[in-house]
Amino acid sequence: MSGNTDILHIIVNPVAGHGKASEFTDGTIVPILQHLSIPYQIHTTSSPGNAGMIGRNIISKQNTNVYKVAIVGGDGTFHEFIEGVNELQGIRWEVILLPFGTANALFSSLFPPLSSSENSSRISTYQSIFDKLPTKLDEENQYQLSSLLSYLSKSSPICLPITQTVLSSSSANANNNGEDNGENILSHVVLSTSLHASILNDSEALRSTHPGVERFKIAAKQNSSKLFHANVSLHPSNNDEIVEQWDPRESKWVKPFTSINNDNASSPKEIKNAININGPFSYFLSTSSVDRLEPSFVISPLTSLRQKQEDNDNQHIYVTIIRPLRDPLITSAKTEDRKEKTSNRAFEVIGNAYSNGNHVNLTYPAYKFSKNEENKTDDEAEGEKYSLEVKGEGEPVVEVYRCSSFEWIPVDIADNDKKENEGLDIGNSNLVCADGAIHSIPADGTARVRLEDRKEGQGFYVYA
Ligand SMILES: Nc1ncnc2c1ncn2[C@@H]1O[C@H](COP(=O)(O)OP(=O)(O)OP(=O)(O)O)[C@@H](O)[C@H]1O
């Protein structure tokens, strides 16, 4: 093997996002690198999955353990790159992100959009680099270059946790070495089930009839009143730790308080300090890297890779859950009204993610409702009675946990209390979304999700 170990490999996905990655690479990135005499090589992806192949080829041509790679594309391009090279041991990938996909969840989490004045003050850090460039960059270009600028200014890149998910049938739980058999999935952005996974699944089916973004709205409407039946167990990293829950009223991580269920029946292996959470769920999403899935949709506001770096914090999986049958508005609704109320509530709560992640601050009214309350008043009075508060005295609507691994076990509806489900449809709780791709848990199977173990200094690091 030979080659310049300092070479920057630029992986360009020409079809990601609005198809502008090649133009930006040639017109902006290349002149900067040439001006600063940084050696580079451009690799353009030719088909789905090709980014991983490019990664493997890079290794075969260079004699080093540290590789510098720029991804000009979206989360999907980086995901495919990770899938392609993740099994290769002993390598450190230092990655520059150039946000040329559609959602750019990881980039926008590392570089949340700022106001114009905030942006100017942040960019001023890099003024000396801009001064050296052949052409003047506009504000948007400067923002898109944030990760490259971090690299050029010799910052230390941040470790990116990778999540491993095994989808196994009950008969294939573990092989002789105690390892999971089954489909093995990697993700670096999101691992979800329930509403989020169903929206992605159904929107794909709608692509031919509704090519624009409206297909996501249609798919959301189709799934927002569904119940997803599963049992979940969340696990801490070791016996000395506990799973924690975010309490918005105290603004701190505390012992779990909305899921008091110590019967270990739903957890196949009895794990010390595991927390069991029984469904049904409407929303279930986990991430260990992003606070947002697109620039303004801050669905997991407590997740921060930058914070972890500063606090020397252990890596966690952050889990965001909505269980509609905890909601007095829904449990007290007449059967014929439940669908509409459940759907409206889901949009109301999840919609608050667009207000800088305010959904995690919503609380139920503190008044204790009885499930079969008969003295219904008119709609207006009822609306007021059940209206949500922000950091009020009641329990949080959205349950946010942090753990080290978890299991999602779909449950047959026949095993559940049918009365509670009355008026609501049953969703497909076997669907799993990993970084946007949909997978299915085999019948009677389980999804086991955990953070990948990594030797210090190896794996994926991103410039932030
Ligand atoms: N030359 C190519 N032709 C067709 N598809 C390609 C090619 N190169 C890569 N792809 C596919 O393009 C897909 C989309 O890329 P990517 O996910 O980066 O962009 P996006 O979906 O627009 O953004 P995001 O994931 O941030 O929402 C990738 O999943 C990959 O499979």
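1. A quick definition before the ligand: a residue counts as near a molecule if its C-beta atom, placed from the backbone, lies within 6 Å of it. With that in hand, there are 21 residues around the ligand, and Ala16, Pro48, Gly74, Gly76 and Gly101 come nearest. Keep in mind throughout that this is a predicted model.

2. Staying with the ligand, the shell is mostly polar by count: 14 polar residues, alongside five nonpolar and two charged. Helix α3 (residues 75-85) is the top contributor to this shell, giving four residues. Keep an eye on α3, as the helix comes up again below.

3. On the overall build, the chain has 15 helices and 24 strands. Of its 464 residues, 40% are buried. If you look at contacts with a separation of 6 or more, 79% of them are between residues 24 or more positions apart.

4. Now the domains. The domain assignment splits the chain into domain 1 (8-155) and domain 2 (163-451). Where the two touch, 14 residues come from domain 1 and 13 residues from domain 2. On the domain 1 side, α3 and α4 (105-110) each bring at least two residues, and α3 gives the most, with six. That side of domain 1 breaks down into seven nonpolar, five polar and two charged residues. So much for the contact; α3 turns up both there and in the ligand shell.

5. One open sheet has six strands in the order β2-β1-β3-β4-β24-β5, with mixed pairing. Its edge strands are β2 (40-44) and β5 (158-159), each pairing on one side only. Inside the sheet, β1 (residues 8-12) and β3 (residues 66-73) run parallel and are joined by five bridges. If you want a spot to check the register, Ile11 stands opposite Ile71 in β3.

6. Two helices to look at against that sheet. Helix α1 (residues 21-35) packs on it, touching β1, β2, β3 and β4 (92-99), and the direction of α1 makes about 165° with that of β1. Our friend α3 lies across β1, β3, β4 and β24 (459-462), and runs at about 150° to β3.

7. There is another open sheet of six strands, in the order β7-β6-β23-β19-β10-β13, and here the pairing is antiparallel. Why do β7 (183-187) and β13 (275-278) each have one side without a neighbour in the sheet? Both stand at the edges with a single partner strand, so one side of each is left open in that sense. From one strand to the next, the twist averages 15°.

8. Within this antiparallel sheet, β19 (residues 405-410) and β23 (residues 446-451) are joined by four bridges. Glu407 stands opposite Arg448 in β23.

9. A hairpin to zoom in on: strands β21 (residues 431-434) and β22 (residues 437-440) run antiparallel, with four bridges between them. Leu431 stands opposite Ser440 in β22. Two residues sit between the strands, and Asp435 takes a positive phi near 50°.

10. Last, Ser296. Where does Ser296 lie? You'll find Ser296 in the loop between β14 (283-287) and α11 (305-311). Ser296 has 13 other C-beta atoms within 10 Å, so the residue is partly exposed; the exposed class would need 12 or fewer, and the buried class 20 or more. Ser296 and Glu139 are 157 residues apart along the chain, and their C-alpha atoms are separated by 18 Å.

Terms used
Residues numbered from 1 in each chain as written. Predicted model: local features only at pLDDT ≥ 70, side-chain atom pairs only at ≥ 80, totals over all residues. Pairing = 2+ DSSP bridges. Axes fitted to C-alpha atoms, helices over the stretch in contact; angles between N-to-C directions. Nonpolar A, V, L, I, M, F, W, Y, C, P; charged D, E, K, R; others polar. Domains from an automatic or database assignment. Contact = placed C-beta atoms within 7 Å.
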